[in-house]
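Reader: I've got a model open here and would like to talk through it. Can you take my questions one at a time?

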Amino acid sequence: MTFLPDSEFRIARARKSIAEMGLQALLITDRTNIGWISEFTGSSAYIILTSTDAIFATDSRYTVQAETQCPGWTLRKLASSDPGEIVGLLSKVDATRIGFEAVNLSFAAHSDYASKIPSGTEFVPTEKLIDGLRIVKDATEIEATREACVIADRAFSHILSYIKPGVTERTVMLELEGYIRREGGAEIAFDTIVASGYRSALPHGLASEKVIESGDFVTLDFGARHRGYCSDMTRTVVVGGPTEKQVAVYNVVRGALEDAIAGVKPGVKGIDIDSIARNRIKDAGYGDYFGHGLGHSLGRAVHDGPGFSPKSKLIVEEGMIITVEPGIYIPDWGGVRIEHDILVTGNGSEILNKTPVDLISL
Ligand code: ZN
Ligand code: ZN
């Protein structure tokens, strides 16, 4: 039995990186990385990858699922998640330098592995070995993200008629999330933000019992997870109004979004894209009110890797999917954030969300 085509391609990329690190094997324990390389959707498994072996180990809850989802892999059934069993599998592969995912292994688990690993075998911490490969997306991943964005666009059109004075943020959130699950056939990618009025100044204001009032800005930040891939979209609308100041602040954020996106192309630095938006907001006098990074990589995880920020070391490459989400948050007044998901193309970028960014007054 051969691997699924996407798995085969990703295994080849991983093997190349493993060899470049001077390792003969990699133990993969991160659930997102396991899903990326094997297409397995369960919550508990271990992968051991060498230049010739591709071992997929899981317990009885998932062995039937793994047989169906992960053709081509050598399946091993675990009696427990005891590190001793995994070490037993590791000791059977031909490797003296075995990498593990440092961020994913707790201190206790690492001590356990280290004490059981045969002498003469090095157990080497790796950082972002698979995560780094996930940043540039393949055709299947781009397609799944496109569809996740379509679901988010549809959910946004659907929710507009529910946003009105007298309705709580939580009611709006439940309808939006229900729509994504019901009509979109997807899961929500993360807990939905619905932040109205003074609460729109909270960049991560999860939906509360606050009642939406006339004159409020309402910021909605939400996403769908479709075939494993996330969309992440933010729009700020105004209920009634808008006031002159609301229009002015909105237009600064919109300008920052559009200028930053116009600067994206392969070879540019993540830090420079962040500066484009940040300077635009600063020049308009709102520099103190934009505290977070401009955007993050998007994929199987909502925060899938580095993106655009003042500390970013990212060099933009074709095939990356990154969010662009400038905001201005003025305490006790309100805030605006607008977020697009963009795909880096050969000479620029493509915006995957089709919902326009004109200020909508409801
Ligand atoms: Zn978002
Ligand atoms: Zn985001």
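Reader: Are D221 and D232 buried or exposed?
Author: This is a predicted model, where local features need pLDDT of at least 70, side-chain atom pairs count only at pLDDT 80 or more, and totals for chains, interfaces and linings use all residues. Residues are numbered from 1 along each chain as written, chains are lettered from A and ligands numbered from 1 in written order, and side-chain values use heavy atoms, with hydrogens and water left out. Going by relative accessible area (under 20% is buried, over 50% exposed, partly exposed in between; 1.4 Å probe, protein chains only), both D221 and D232 come out buried.

Reader: What is the site of the zinc ion (ligand 1) like, going by the angles among its donor atoms?
Author: Donors are N, O and S atoms within 2.8 Å of the metal (3.2 Å for Na, K and Ca), and water is not among the atoms, so sites may look incomplete. Here D221 (OD) twice, D232 (OD) and E339 (OE) lie 2.0 to 2.5 Å from the zinc ion (ligand 1). Four donors count as tetrahedral if all angles lie between 85 and 135 degrees, or square planar if opposite donors are over 155 degrees apart and all others between 65 and 115; anything else is irregular. With angles of 56 to 148° among the 4 donor atoms, the site is irregular.

Reader: Which residue coordinates both zinc ions?
Author: The zinc ion (ligand 1) and the zinc ion (ligand 2) are 3.1 Å apart. The residue that coordinates both is D232.

Reader: How far apart are the C-alpha centres of domain 1 and domain 2?
Author: An automatic or database assignment sets the bounds, giving domain 1 (5–134) and domain 2 (139–351). Their C-alpha centres are separated by 35 Å.

Notes
Tetrahedral: all angles 85-135°; square planar, octahedral: opposite > 155°, others 65-115°.
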